[in-house]
Amino acid sequence: QVQLVESGGGLVQPGGSLRLSCAASGIIFGIYDMAWYRQAPGKQRELVAAVSSGGTTNYSDSVKGRFTIFRDYGKNTVYLQMNSVKSEDTAVYYCNADILPRDGRRRDYWGQGTQVTVSS
């Protein structure tokens with residue numbers, strides 16, 4: 001069974017840095033796009049950053065220049081390096097991946113979410 005397991009969330013001061021990780025486990029034949037989303041209280045879930053299987057990245061305007069998404073293909077892991085964080089970055093962050101598992105049915109998978117709180 002394919003799972004996405006996130007780690008790295010926590011409390012960080014404004015202006016600080018944090019790195020989130022998301023590892024895909026299980027019998028996987030292929031991983032395509034991987035992405036990070038976030039959901040703040042009372043708001044809809046929004047795309048933060050995405051990286052294609054070929055390494056092409058895109059970012060929301062709110063994090064461009066501050067966050068970096070990158071992946072380790074050998075470890076089936078995607079990272080989100082968060083720098084110069086602001087209070088408005090506070091949210092639950094979710095990992096998402098487009099995966100082809102052993103059963104041959106390619107589909108989206110989601111992690112359980114990790115809380116990021118930016119506060120002094």
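Two strands are said to pair if DSSP finds at least two bridges between them. That definition is needed for the hairpin made by β9 and β10, in which five residues lie between the two strands. The model described here is a predicted one.

Strand β9 covers residues 91-101 and strand β10 covers residues 107-110; the two run antiparallel and are joined by four bridges. One of the bridge partners can be named on each side: I99 is matched with R107 of β10. In the turn of this hairpin, G104 has a positive phi of about 85°. For residues in general, a negative phi is what most of them have, glycine excepted.

The open sheet comes next. Its four strands follow the order β1-β3-β8-β7, and the pairing is antiparallel. The strands β1 (3-7) and β7 stand at the edges, and each has a single partner strand, so one side of each is left without a neighbour in the sheet. From one strand to the next, the twist averages 15°.

Inside this order, β8 can be followed through its partners. Strand β3, residues 18-25, pairs with β8 in the antiparallel sense over six bridges. Within that pairing, A23 stands opposite T77 of β8. Strand β7, residues 67-72, also pairs with β8 in the antiparallel sense, again over six bridges. Here the bridge partner of F70 is Y79 in β8.

How many residues of β8 are buried? Strand β8 spans residues 77-82, and six of its six residues are buried. The burial can be read face by face. In a regular strand the side chains alternate between the two faces of the sheet. In β8, T77, Y79 and Q81 lie on one side, while V78, L80 and M82 lie on the other, and all of them are buried. Both faces of β8 are therefore covered, since a residue counts as buried when its relative accessible area is under 20%.

The loop between β7 and β8 deserves a closer look. The hairpin of these two strands has four residues between them. Which residue of this hairpin takes a positive phi? N76 does, with a value near 50°, although N76 is not a glycine. N76 lies in the loop between β7 and β8, and at 26% relative accessibility N76 counts as partly exposed. G74 is placed in the loop between β7 and β8 as well. At 76% relative accessibility, G74 counts as exposed. T56 is 18 residues away from G74 along the chain, and the C-alpha atoms of the two are separated by 17 Å.

After β8 the chain enters the loop between β8 and β9, where S84 is found. S84 is a residue other than glycine with a positive phi, near 50°. Its relative accessible area is 41%, so S84 is partly exposed.

Two further residues link parts of the chain that are numbered far from each other. D33 is found in strand β4, residues 28-39. With a relative accessible area of 42%, D33 is partly exposed. D33 and L100 are 67 residues apart in sequence, yet their C-alpha atoms are 11 Å apart in space. T114 belongs to strand β11, residues 114-118, and counts as buried at 11% relative accessibility. A polar atom of the T114 side chain lies 3.3 Å from the backbone nitrogen of G9.

The last feature is the empty space. Rolling a probe the size of a water molecule over the atoms shows where such space is left. In this model the largest pocket holds about 150 Å³. Which residues lie nearest the centre of the largest pocket? Of the 13 residues that line it, R38, A40, K43, E46 and E88 lie nearest the centre. By character, the lining of the largest pocket divides into seven charged, four polar and two nonpolar residues.

Technical notes: Residues numbered from 1 in each chain as written. Predicted model: local features only at pLDDT ≥ 70, side-chain atom pairs only at ≥ 80, totals over all residues. Heavy atoms only, no water. Buried < 20%, exposed > 50% of the residue type's maximum accessible area, 1.4 Å probe, protein only. 1 Å grid on protein atoms, 1.4 Å probe; cavity = no way out; pocket = protein on both sides within 12 Å on 5 of 7 lines; lining within 4 Å. Points joined across faces, edges and corners; volume = space filled by probe spheres on them. Nonpolar A, V, L, I, M, F, W, Y, C, P; charged D, E, K, R; others polar. Axes fitted to C-alpha atoms, helices over the stretch in contact; angles between N-to-C directions. Polar contact = N/O pair within 3.5 Å; in protein donor to acceptor, adjacent residues only side chain to side chain.
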